[in-house]
Structures are given as structure tokens and as C-alpha cells.
Amino acid sequence: MLRSTANSPTNAPHDINASRNSNSNNSIPQFFFPHGKPLPVAEQERKLRKVVIIANHLFGQQPYILESQFVSVTRACGLPRYMNIALFRRIDSLHQREERISFDQFVSGWSQLSQDRFDDVSLFFNILRKPGCAWLLPEDFLPVLEDIVLHHPGLRFLADNPMFQERYIETVICRLYYEARCPSGKMTMVQFRRSNFVQMIHSLGPNVDLNSTRDCFSYKHFYVLYCKFWTLDDDHDLIISEEDLAKYNQGALAPSAIQRIMQCGRIAAFARDPGASSSPPTISCEATMEEDQVHQQSTITLTYLDYIWFLLSEVDKATPMAIEYWFRCLDTDGDGILSAYELEQFWREQEARQRFFGVPEDDQIQFQNILCQMNDLIQPRVRGQFRLQDLKRNGFLAERFFDTFLNFDRFQIHESYQGSIRAKRKEEMERRQRIHDGELIEESLLPIFDDSLGFFMISDWCEYAEIEYQQLLLSEQGDMICDEDDEEDEEEENDDTGSFEDEDEEDASQLEEACSTSDHDSDTSAPTTPTKDPITGASLHQWKQDSVSNTSSSTTMVQPSTNTSEQRQQPQDPTTAQVWLWQPNTKAGNTATTAAAAAAAVNDEMENEEQGEDRAAEWVWLISSSHHQHLTNAPPHSTS
């Protein structure tokens, strides 16, 4: 009888090795490169050699160069203009921190920073982060924002207003962390890539109008955020309480929602005091529940940066960060599930508002009907239990879900329209774009899109900011007209008076005192800024931890304008507030025209100088490439 040896133990190792060899030959190639797809070694050496040759020409006979002279070297490295300060200080931190860099230090530092960094995201991340740190902190973005504030032509009118410069810097950094979905403050490379910072800083040139951009660097968006905060902050200490937040949008938010915002709305990334977090303070066992509630209401506040996070989430509830924000506010027990009991507590206030507005009892919407509607809308795995992943499946539906329990005005808009307003709005915009491109569409397919029905309230952040900006512009123009009318009436009264000079002088003094009062005492639609010394580079090295307390009673007014030339002038008397002109000053005549022409000439000169540097650098590279094939990765500085 013959014994089969096919499955004998002696053959088992041979079969396993054969299978391993076959798997290794058919292995899946690497498809994920966190630092970018690697380049061939020859290509890496060629790129480094090109940068070194151009930098050698730019250094010339100078033993070292300063930060202000480093712009051309930054551009030779392929980096945008406003990464200059960040790159200079990063290379300087690798050496003795002498605030000057020699050629050898540059070659050594650039070789170290660009090693194994094959795309801009990983390279920028490596330049911004601290040595030995695997993430970015908010203060790591300060060199870039300092460079923009000090050198961008569109922000020259803020040169004498350091408080506005600080608020602008804080706003941009806060929005970057919001877009990256990083409330913890430790931004990883994945989150940094998600923030789209590299694309934004590449597109930000000296000729870019910061009022027309729609990204985090938009001054128009910053001004809308700051004005909305200013209207709530009565004492202007950059901190708002629960009573202040209750005035938001004329009391559109429910009281219970406001309490949860105050408890959960503090962002850890921008905590002003050590140990501050988004969780409410612990309740003492010895105190009564009433005393604890009074203590929480008197201590919990929101800063300006916390308010930015709130307003971005309130305006557009369809974004992933906004869904997480409002889910945390509605989840009162913190179990990760929005139960029917929790939602009913918030809906009771919506029922009270229906009674307040006079809705008949038979027409009032009951909670059971709302719960059935939300179950059909979200379709959770378990009816009546809504999880975060259920709401993230469709952001437009999640926006309607949150508005139902949080914002009564927006809830009414949703109820008056069938389907998702945001989805219909997106479809309408696509159809309008197709018509603009020349594509013919049947008239029956063109829906009526009327903003008077409230569609403008349900939009993304950019559209909301544009509308709010226009409303602020109209409001300021109306205030200016009223002030001019008051002055004309005052002059007419002075001219018509005869024998009652004493009474007229007293009335005129009272009227002048009323007119000289700042418009912000009665209408806080536009913020004011303290009169301080001009900003310096050293004042922005550290993250502003104590800026909330540095407000002043003597203020002057600054507002954005589409005119980026230096035609803006502050009043000489710091105690007198002056309404800022939103349009170019046409009364200045030839002076304004000369100033605009001078500013345009300066911009053209800067652009021509940069183009000349680029052409000179390319010429040096082409001439020198054939004579420097023997250069190593870190050649010595030529002293001849």
C-alpha cells in the first residue's frame, strides 16, 4: 500500500515558503505618502543645487543677511512671499538665534528642513512647527500672520491700530483651526492638510485685495465677525456673558441652548487661563443646586475666539465641525446619543415660543410629530436615538435637525419650505451657472428663488458674510447722512436766532455734546480700536494671552474699505470718534488722486522688482548649472 506524501510534514515548509515568495512578488505597491511622493535622488540633488546656486548669488560678498533682506532667498526656495519671516526664524532657531543668517547656515538649515519633504504641505508643516514637536500650536502661525499684517499693501491702513492687527491675527488663526477641525489646539499634519493653508498662502500675493477673498485671510470676513461680537459685548472687554449671548440675533436662540453654549462652547485651543476646558465646572456637594447654578452663570464666559467658533457653527450648521459643536451642546448627559428625552427638553421652549407668537393651540406642532419627522429625516439606526455618525451622513439634513431644536426663526423657514433649502439652493446655483455658460434650460425647470422668503438666512458662511457686510455698509452710510442732517439743522438754528443768543448758545452746546458722542454709544454696529503706538515685530512673537484686558476708553474708528491705498487718516483728537468712510474720499480732490497714483506706483515698483529678481535668479541658475555639477549638498560659501 502506497502512502501519499503530498500532505506530509516534510513538504509543509517548502509549500509555505513558496506561497510567501508568490505573495511577495505580487505585493501591493505603496500608495500613501504622508510627506509626498518621493522624487528620484538625482531630481532631489538638482533642486537643492539650484536653490544653493541662486542663494549664493543673492548672498554675494555679504557674510550674513538680516530678516528684511531674506525675501529674495525665500522666493528662491520656491516659497511664497509671506513665508519669509517663518523660514528665517526657523533656520535661525537651528543655530545661535543671532537674528542673522550666513550662507553656510542657510545651506545647512534648508537641507535639513527640506529633507524627505516632497510636497508643500509637509515642507510648510516642517517650517512652522517647533523643533522636536509633532504638531502645530496656534502661536506657530504668528510669524506668517505677522508678515502679512506688516507687509501686505491691503493692511497698511492698520499700521497705527495694533489692536485691530491683533484681532485680525487671532481671527485668521482661529478660522484655520476651525477649518482643520482641531479644537484641541494641536494640529497634526493631516489636519494641517485639511485646513488648506498652503493653497491660501500661495494665492495671497501683494496685489490680492483682502476684501474680495473668500478664505481665512479675508478682512471683510474678519470685520463681520468682529462687528457681530462688538454688538453683544457691551462693556467691550472682549468677553461676553450669558446675558450678552441672549441678545444674539434679537433673541433667536432658546435659553437652554444658550446655557449649553456657555458650558460647552469654550475652545481648549484658545483657553485664556490654564486648565480651562469646554466642560462646565464641577458642582460642590455642600452647596445647593441653586447656588451652583448662580455660581456657574457668574463665572462662565466666552472670549472673542470662542465666539468665532460659535458664529461659524451657527451660520452654517452643515459643516462637520458645526455638527460636532451642536451635537455636544444637545448631548446633555454626554453619552454620545441624543435621546428623545433630551430633545424634548429643548423642544419645550420652542412650544413656548409658538404660544408667545400667538399660534393657535390646534396649529401648534407637538413633540411627537417633530420626533417622527426627525426619524424620517435622519433615519437613525435606532429610532429616537440620534448618534453623531447619523447626522454626519448628510450635513444639510443635520442643519435642519439642529435648527428645529435651537433656533426658532430658522426652524420656521425650514417648515415653510419642502425639502432641504441648502440642497435646493445648491441646485439653483448650479442651474444659474449652466445658464451663464450658455447652456439652454427649459423654463419649467427654473424654480422661483426669492430671497424675501428667508433663503438668505440658510446659506454658507461666505454668502452670509457678504450680506452682513453690505448691511453694515448701508448702516454706516445712513449714520453719516443723519450726522450731516444734524449739523445742517444746527447751523440753520444758529442763523435764525436773533435776540436769544444766550439761549441759543446753551442749546447749541447741548446739541454739539450730543453729536460729539460716539455713534457706538447707541449703535454698536462697528467696533472701535484703542489709540496705541504702532505695532512692532517683537510684540507679535508670543501668543497674546492678556489681550482681553488691554482695552482703552479713548478710541478711534477703523473700518475696511475696498481702497487699499493709504488715504485713510485718523482724527488728531483721540477723544473724538469719527465715522469711517466706506468709499474713497472724493473731497480730497487732487490729493487723493496723487496718493492713489503714488500707491499704485509703489505696487508696480514692488512687482517689477520681484519679477526682476526672479529673472536674475533663473539667469544665474542657467549660467552656473553647467559649471557646478560637482557641488555637494552643502557647498562652502564662496569668498572670492
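## Packing of H2 and H5

Helices H2 and H5 cross with right-handed geometry. The model is predicted. H2 covers residues 41–59, and its axis lies 11 Å from that of H5, at an angle of about 155°. Angles over 145° count as roughly antiparallel, so the two helices, H2 and H5, are classed that way.

## Aromatic pairs

Across the whole structure, 37 aromatic pairs are found. One of them joins phenylalanine 70 to phenylalanine 106: the ring centres are 6.1 Å apart and the planes meet at 75°, which makes the pair edge-to-face. Phenylalanine 106 belongs to helix H5 (residues 103–114), while phenylalanine 70 sits in the loop between strand E1 (64–65) and helix H3 (71–76). The two residues are 36 apart in the chain, and the pair links distant parts of it. Phenylalanine 70 has 0% relative accessibility and therefore counts as buried. Phenylalanine 106 is also buried, at 0%.

Tyrosine 226 and tyrosine 304 make an edge-to-face pair, with 5.4 Å between centres and 80° between planes. Here too, distant parts of the chain are linked: tyrosine 226 is in helix H11 (residues 219–232) and tyrosine 304 in helix H15 (residues 304–315), with their positions 78 residues apart. The cut-off for buried is under 20% relative accessible area. Tyrosine 226, with 0%, is therefore buried, and so is tyrosine 304, with 2%.

## Charges over rings

Two contacts place a basic side chain over a tyrosine ring. Arginine 100 lies over the face of tyrosine 64, at 4.1 Å from the ring centre. In the other contact, the charged end of lysine 220 is 4.6 Å from the centre of the ring of tyrosine 469, and sits over that ring.

Some of these residues fall in elements already described. Tyrosine 64 is within the range given for strand E1 (64–65), and lysine 220 is within that of helix H11 (residues 219–232).

## Helix H21

Helix H21 runs over residues 408–415. At its start, a side-chain oxygen of asparagine 407 comes to within 3.2 Å of the backbone nitrogen of aspartate 409.

Which residues of H21 are buried? They are Phe408, Arg410, Phe411, Ile413 and His414. As a general point, an α-helix has 3.6 residues a turn, so residues three or four places apart point the same way. The buried set in H21 includes Phe408 and Phe411, as well as Arg410 and His414.

Methods
Residues numbered from 1 in each chain as written. Predicted model: local features only at pLDDT ≥ 70, side-chain atom pairs only at ≥ 80, totals over all residues. Heavy atoms only, no water. Buried < 20%, exposed > 50% of the residue type's maximum accessible area, 1.4 Å probe, protein only. Helix = DSSP H or I, 4+ residues; strand = E, 2+ residues; numbered from the N terminus. Polar contact = N/O pair within 3.5 Å; in protein donor to acceptor, adjacent residues only side chain to side chain. Phe/Tyr/Trp six-rings, centres within 6.5 Å; stacked < 30°, edge-to-face > 60°. Lys NZ or Arg CZ within 6 Å of the ring centre and 35° of its normal. Axes fitted to C-alpha atoms, helices over the stretch in contact; angles between N-to-C directions. Parallel < 35°, antiparallel > 145°, perpendicular 65-115°, else oblique. Left-handed = near helix turned anticlockwise from the far one by under 90°.
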